[in-house]
Each structure stands twice: as C-alpha cells, then as structure tokens.
Amino acid sequence: MFVLQIATAGLATGSVYALIAMGIVLIYKCSGVVNFAQGAYAMIGAYAAYGLGSLGLSPLPAAVGAVVIVAGAGALTELLVLRRMLKAPVVAVMMVTLGILIFFRAVCLAVWGADPIAFRQIFPPGSVQIAGVFITYNYVAAAALSIVLSLGFLAFYRFTPMGLMQRCAADNSRAALAVGIHVSNQVSVAWAVSSGLAALGGVLLATLNGLSLGLSSIGLVAFPVIVLGGLTSLMGSLVAGLLLGVLEAFTDGLLTPALESWFRAHTSIYSVGALQHVVPYLLVGLMLLVRPQGIFGRRGTERV
Amino acid sequence: MPARPARSRALVLAAVVVAVAACFALNRFGAYLVHSVAIAAIGALALNLLTGFCGQISFAQGALVGIGAYTAGNLGNAGWGLGAILAAGLAGAVASLVIGLPALRLRGLYYAIATLAAQFVIEYLFKIAEPITKGFSGLIVKPLVLFGRTLASDQAYAALAVGVLALTWAALARLMRTNVGRAFLVVRENELVAKGMGIDVARTKMWAFVVSGFVTGVSGALLVFTHRLATPEAFELPLSIDQVAMIIVGGQGIWSGSLLGAAFVVLLPEAIQRVGEAFDIAKLLFAMREMAFGLLIILFLMFEPRGLSALLRRLARWVAGAVSRKAPATASPAAASAEPLGPRATLAAPNTRTQSGGST
C-alpha cells in the first residue's frame, strides 16, 4: 500500500516535470535553442497566480490569468532577445537563456522577497481512497491535469493546422519558408505555448510543495528528463518525466531510509541527504555515456 | 603570434613584482578585494582556456574548485605546504578529465548537460562525505605554511594570489603558442576540420580538460587557505554560473577578459552592498544586483559577445582616433605609438572570435 502511495505522489510530480520538459523540447525542435530559462517561467507563473490572487481573484481564474501573462512574457522574450541571436553560436544562446533565468529570479526576489509563501490551494482539501490508499485531491488533480494537458498538447501538435506548421518549421525551416510559413512567428508561438505550459506546471508545483524562489530550479530538473526522453521527442519527455518522478519518489521513500540505516551501521556517515535530487543526474550521466540520443530520440546527422 | 620582445617581457615582470609587493601596503579590506578578484580570475582563466579557447562549455567549475579546496584543506591540515596546492591542482585535473570524458563523444548541449550533472552529483558528495568534508558544518583549515613561514595576514594571501595569477596567465599564454594550444583553436572552430588536419581531437580535448582542471584546482586551494573554511554551499551551481558569467562579461578567448570579468563580477556586488548599507536598502539592492547580473549577461552576449576587453580595446582605438583627428600636427607620434599594437591586434583577431559555429 505504501508503495502505491509513493508511486502516485511520484506520478504527480513527474507529470509536472513532463509538462515543463515538453516546453523545452518544443522550443528546441523549433529553433534549436536550449532554454535554461524554462524554470523561470514556471516560477513567474506561480508568483503571478499568487499576485493575482492577492488582488482579489479566486484561485482558478488567477491561475488561468497567470498562464496567459507568462505565455505573453515568453513570446516577448523570444521577440526581444532570441530573435536577435539567430546567428549566434549554440553555447552563447544557451548562456543567454541562463541570463534570462537569473534576471527573472531577481525580479521575483525584488517583488516578493526570498521567504517561502503559503500558496492558496486551487483544489479542495480532502482525499480519495483508492484500493485502501489515501491520496489527497491535490496530487490527483495535479497528475490528471498535467497528463491530460500533455496529451492534449501532443494532439494539438499532431492534428491541428497550427501544429502542422509548427512541425514543418521544426523539421526544416527553409522548406517551411518556401511553402509560405512564417517561421519566426512559429518560433514565437512555440515560446508562448511552452512558457504557458511551464507556468501551469509552476502553479501545480506550488499547490503541491508551496511557493518559493526554489521553484526556478525545476528547469534544471527538467534537463535529465529531456536527455532521458530524447531531446527531440515530445512523447519521450512525457514518459521520461513520469519515470523520473516515480524514481525520485521511490528513492526518497524507500532507498534513502535503507541506505541511511546501512551507512549508520557501517560508517560514520549519518545522513545521505537529498539523494532523490541527485538520482536523475546519475542516470543522465549513464545515459549520456551509453545512449546519448535518449530513449525515444533519433540520432541526428551533423552537417558541417 | 610572435614571442614578445625581451623589453616588454621585462616590463611585465616588473609590473607583477610591483603588484605583489603593493599587496602588502593594502589595508585589510583592500587585500580582501584583491585576493577575491585574483582567485576568481585564476578560475576564470581556466574556464576561458576550456570554453573560450577550446570551445567546451562547462558548468562544473564550482565542483572542481570545491575538489581543489577540500584536497588542499585536508592536506594543509596534515602539514603540507606548497605540496597541498599542487595536489589540489592534480585532483582538479583528474576530476576535470573524468568529467570531460563524455565530451569525447558528446558535443555542445549534451556535453553542457553532462557537466551540469557532474556539478550536481559532486556537490551532493561534498555534503554527505562527512569524514572528508565535515559536511555542512564545514572544514576548518589551518593557515598555509610556505617555505617554513606561516601566511597569516590577508595581505600575504593577496600577494600569493596575485603571484599565482600572473604565473598562470603567463603559463597559459605560453601554452597557446605551442602546437597543443593551436590545436585547441582549431577544435573550437570546427572539429571536423581539425580531424581533417590530422589533429587528434580527443587527445586535444583531454589536454584542455587536464590543464584547465589543474588551474581550477589550484584556485580552489588558494580559496580555502585564504578563507580557512570550506562549506559545501560555497561550491554549488551559482559559483559555476558566476565563473561562466565572468568569461562572458570579460571576453571569451581573450586572457585579459578573465581578469576584467572576474573583477567586474566580484566587485559589482561589493560596490552595490556598500551603497545599500549607506542608504539602508540592502535587500532591494541585492535583488538589483542579481537583476543587473542577468541583464549584463544577456546584453553582452547580444551586443558585444567578445566582452569588456573588446569594448575597452574599441574605446582605446576610438580615443586614439579622436586625438589624432583633433590635432593633425601630433598625428604622427600617435600613429607611431599605435603601430606596435597594430599587427598584434590583427593577428589576434581570428583567435578572439567567440565559439565555434560548427555544429548547429
């Protein structure tokens, strides 16, 4: 029973990871930009929802408003910064997004301060009982919402005309230009969609774990997800996100206590600390050595 | 690049000696600023070698500084002197090589993520390996004993840091004039071309990792002896990002950029803190500092990817141009004094372009 409880908690956080990772993959596919700032959009999303809430909006409209605001911020970032760096080397672009992350963190720090804030719950308190396991509505709702949204997003990408244009722009931007797709605008759309997704992920995470500046580090947690899933596969990030979420939960719930009791018995080490946050990176190290293209990714051919 | 004439080499040497000696004339706060900048600059030189000259981005710089610091701290407590610093360099070199191994197969983004993973794993190890690192309570380090003399004052550490900085700078600049150094540049520009020229790309990268890791380890050793305390928080990701920011702001692929960037990144918060204390708005200013930091990274990469040193160089040229235009009579001496700089600047131009555009 305990195992089942851990697994559901893991699925809930994992599905949020997936949501955020999908945004990074979307931007990468479309424009080749690796977005380290994704965590920043998650963080602003949560803070914006909190801010709108304190202006008097009820939680749900506040969350929706936050997603819209952050989507706009994402599109604006693309217009103001990344569109001007089209010809810059990959590494420079990567560092620019890092600068964006630092900047947005500082903005939130200036406005809301460094202390954690109690986040108003969107979902009603209480819990459901499934097969003898109690799961709070929070987790159920977060998991359900982000999985449904991820699937919806995949469907949008697969079946709508806009999704088709997105895929065209991602696949071959020159050919897309030739058939009359405004590729730059598609990239802006990708930024708006992915930062909107991140904002929603941020709001959901804040309802699970509370609101603090630490939320921005979710963007870095998303990188193991992307590497595992394959940098170019949206489906891959969904699967890898869920997988890593569950893995983290099991590490926290089962592996850590076991390891600690062993360490205490045999060495002078008393605690293994936040092992669950390191496991994804260990996995990534292995993955990069064995199969760099990820579970679902394709090995790309590199041109000179 | 041709070897410098003997006279200018002697001038540089004299300047370094004067700078080291001047450290003893500083007050404590001045010495603190000098050793903070110098130690950060040594780390930035190492990162510049790896990123600016060889094209391998790294986010594991903080972890490498930490490995150097813990190695030196423990050995220093066991009574080692100069040996502790060298051992820290070796430990950094080995760790850097291990972190770099994936880079033999991976490129660009994937390698960046691998270094990020290494950074997180190593900073985690710092926290839990209590027998070695003393965990969160921190490793307390005895003062450094060099050649039978105990270094006790901030001034002494500032002088040591400036001396090591000069030595490192000279050694790295010399390295870039060897075949290995030239191979770095080709690998940065395009790995396939490097292969075509018969350069062993894997071995070249390994050289870059080893040398850069050694220098980073040494900077960690200096850091720990100067602060006498090593805590895991000091070596977390923000330190890596600070170092990356230093070479961006200062100038990638330009040695003086490392020093300029380090000075900028270290002194900016100090200056802001002073102002904040004076006006009692320290908290807000701390946020402003971070904001300025992020914004500067963005702006430099967008508008001046070659950083402060390129900016200063351009400014100097502009001033020289303005002077010669205003006073045509004095034009010939101005032109004559600019001449020795001319050929070197043009020669340096291909070296100082940022990053490879090879694999996109």
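How many residues does the contact take from chain B and from chain A? Keep that in mind as you turn the structure around: 43 come from chain B and 40 from chain A. What you're looking at is a predicted model, and its scores are ipTM 0.81 and pTM 0.82.

Let's stay with chain B's side of that contact for a moment. Helices 5 (108-128), 6 (130-133), 11 (237-250) and 13 (282-303) of chain B are the elements that each put two or more residues into the side touching chain A. Which of them gives the most? That would be helix 5 of chain B, with 13 residues. If you sort chain B's side of the contact by residue class, you get 30 nonpolar, 9 polar and 4 charged residues.

Now step back and take in chain B as a whole. Its secondary structure adds up to 16 helices and 4 strands. Chain B has 360 residues, and 47% of them count as buried. Have a look at how the chain folds back on itself, too: among contacts in chain B with a separation of 6 or more, 77% are between residues 24 or more positions apart.

Next, zoom in on one pair of helices. Helix 2 of chain B covers residues 28-53, and helix 10 of chain B covers residues 201-227. Their axes come within 8 Å of each other and cross at roughly 165°. Angles over 145 degrees count as roughly antiparallel, so helix 2 and helix 10 of chain B are roughly antiparallel to each other. The crossing of these two helices is left-handed.

Want to find the spot where they meet? On helix 2 of chain B, look for residues including B:H35, B:I39, B:G43 and B:L50. Facing them on helix 10 of chain B are residues including B:A208, B:S212, B:V215 and B:T226. By class, this helix-to-helix contact has 13 nonpolar and 6 polar residues, with no charged ones.

Finally, how far can you trust what you see? Chain B averages a pLDDT of 80, and 87% of its residues score at least 70. Confidence in chain B is highest in helix 3 (residues 61-77), with a mean of 91, and lowest in helix 16 (residues 341-352), with a mean of 37. Over residues 330-360 of chain B, the pLDDT is below 50, although the model still gives this stretch 37 contacts beyond near neighbours in sequence. Where pLDDT is low, the predicted coordinates shouldn't be read in detail.

Technical notes: Residues numbered from 1 in each chain as written. Chains lettered and ligands numbered in written order. Predicted model: local features only at pLDDT ≥ 70, side-chain atom pairs only at ≥ 80, totals over all residues. pLDDT = per-residue confidence, 0-100. Contact = placed C-beta atoms within 7 Å. Nonpolar A, V, L, I, M, F, W, Y, C, P; charged D, E, K, R; others polar. Axes fitted to C-alpha atoms, helices over the stretch in contact; angles between N-to-C directions. Parallel < 35°, antiparallel > 145°, perpendicular 65-115°, else oblique. Left-handed = near helix turned anticlockwise from the far one by under 90°. Buried ≥ 20, exposed ≤ 12 C-beta atoms within 10 Å, placed from the backbone.
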